[in-house]
Amino acid sequence: MSEHARDRFDLIPDAAAEAAFLDAQSRGRLHHAWLLCGVEGSGKATFAYRAARRLLGATPDPSRGLLGTRPDDSVARLISAQSHPDLLVLERAVEGGKTKKSISVDQARDLPEFFSKSPSQAQARVAIIDAADDLNLNAANALLKVLEEPPESGVLFLVTHAPGRLLATIRSRCRRLAFPVWPEHALEELVRNRTGVPSAEAARIAGMAAGSPGQALALGSGATLEADQLAQDWVNADVVDRAEAMAVADKFRGAEGQERFETLMERLIAAVKVRALNEGASGARWAELWTRLSELPDRTAAINLDRADVLAGALADLQRTKAQAGAR
């Protein structure tokens, strides 16, 4: 299972963003709401937790960057244990081993009550919404009411992968911090240092990560690399080995099975996208397949489809596309 942002201490998402935040804080101009923008996996949630630790009184550790703190700091330990009374985190709930499709209005309604109270251990109360893109319409409107009447001694961090999808009235009430994509050489160094994979493998991972450090680290894990290689084999082979596919699908049961399914589908979608970009005249058919596959994970979760059946259907669709486009 991948490491949660609240437990990351040695990854510095963006030094410029941290410097901008600290500058605003030192000048007494700390905005009440920060919109953290960038591609998924660019370190926005990691930044939010780093800033939250600082606001909640954690002792600085300059060796871990401008907003760095030690994992054994008492404030950091409370946050990692999800038990700090002055921190509220809104993210998609998990029920019965399944992650909800959106952040509900009931969750968003916790914000006014949370900010109506004075801080109990720190000088501020902090809320992190990860990601604001996941708010349903009613939840977004509940958030807007909080932003319209900024809480005293309160700071909100809104993680967003697609700020254009948020209500304009929400965007206009936040200070924006942009998290740029990482260059491949930085991703390669990150993967090599954090995972210990050989340089050649780290370079391959950096090329696949599309500028996202979070994606690079996920790809650096053995399970994700295995899923990526399998997906590439399926996309580029003339015929998918049905026995192999059935053996993979047998491991989709339970919460761990859901993570395996989501990882494999993510890598399969990515492999099809690469094929679509690299093909000539037949690229349109691969692009259509990419669009269809991209809709499958959310549909699977929304209506509780059987994961093995979804994979079988995806591979059948893949085989049809090869036949229509002319398999290599």
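His32 touches Leu147, Pro150, Gly154, Val155, Leu156 and Arg173, leaving aside residues up to four places away in sequence, where contact means heavy atoms within 4.5 Å. The model is predicted, so that local features need pLDDT of at least 70 and side-chain atom pairs count only at pLDDT 80 or more, whereas totals for chains, interfaces and linings use all residues. Residues are numbered from 1 along each chain as its sequence is written, and side-chain values use heavy atoms, with hydrogens and water left out.

His32 lies in the loop between α1 and β1, helices (H or I, at least four residues) and strands (E, at least two) being DSSP runs numbered from the N terminus. With a relative accessibility of 17%, His32 counts as buried, a term that means under 20% relative accessible area, with over 50% exposed and partly exposed in between (1.4 Å probe, protein chains only). The C-alpha atoms of His32 and Leu147 are separated by 8.2 Å, although these residues are 115 residues apart along the chain.

The largest nonpolar core, a set of buried Ala, Val, Leu, Ile, Met, Phe, Trp, Tyr and Cys residues joined through side-chain atoms within 4.5 Å, has 30 residues, of which Phe21, Trp34, Leu36, Phe47, Leu87, Phe157 and Leu177 touch the most other members. At least two residues of this core come from each of α1 (15–26), β1 (33–37), α2 (44–55), α3 (74–80), β5 (125–130) and β6 (154–160), and α2 gives the most, with seven residues. Leu177 touches Ala17, Ala20, Trp34, Leu35, Leu36, Cys37 and Phe47, not counting residues up to four places away in sequence. A second, separate core of 28 residues includes Ala231, Ile269, Ala276 and Trp286.
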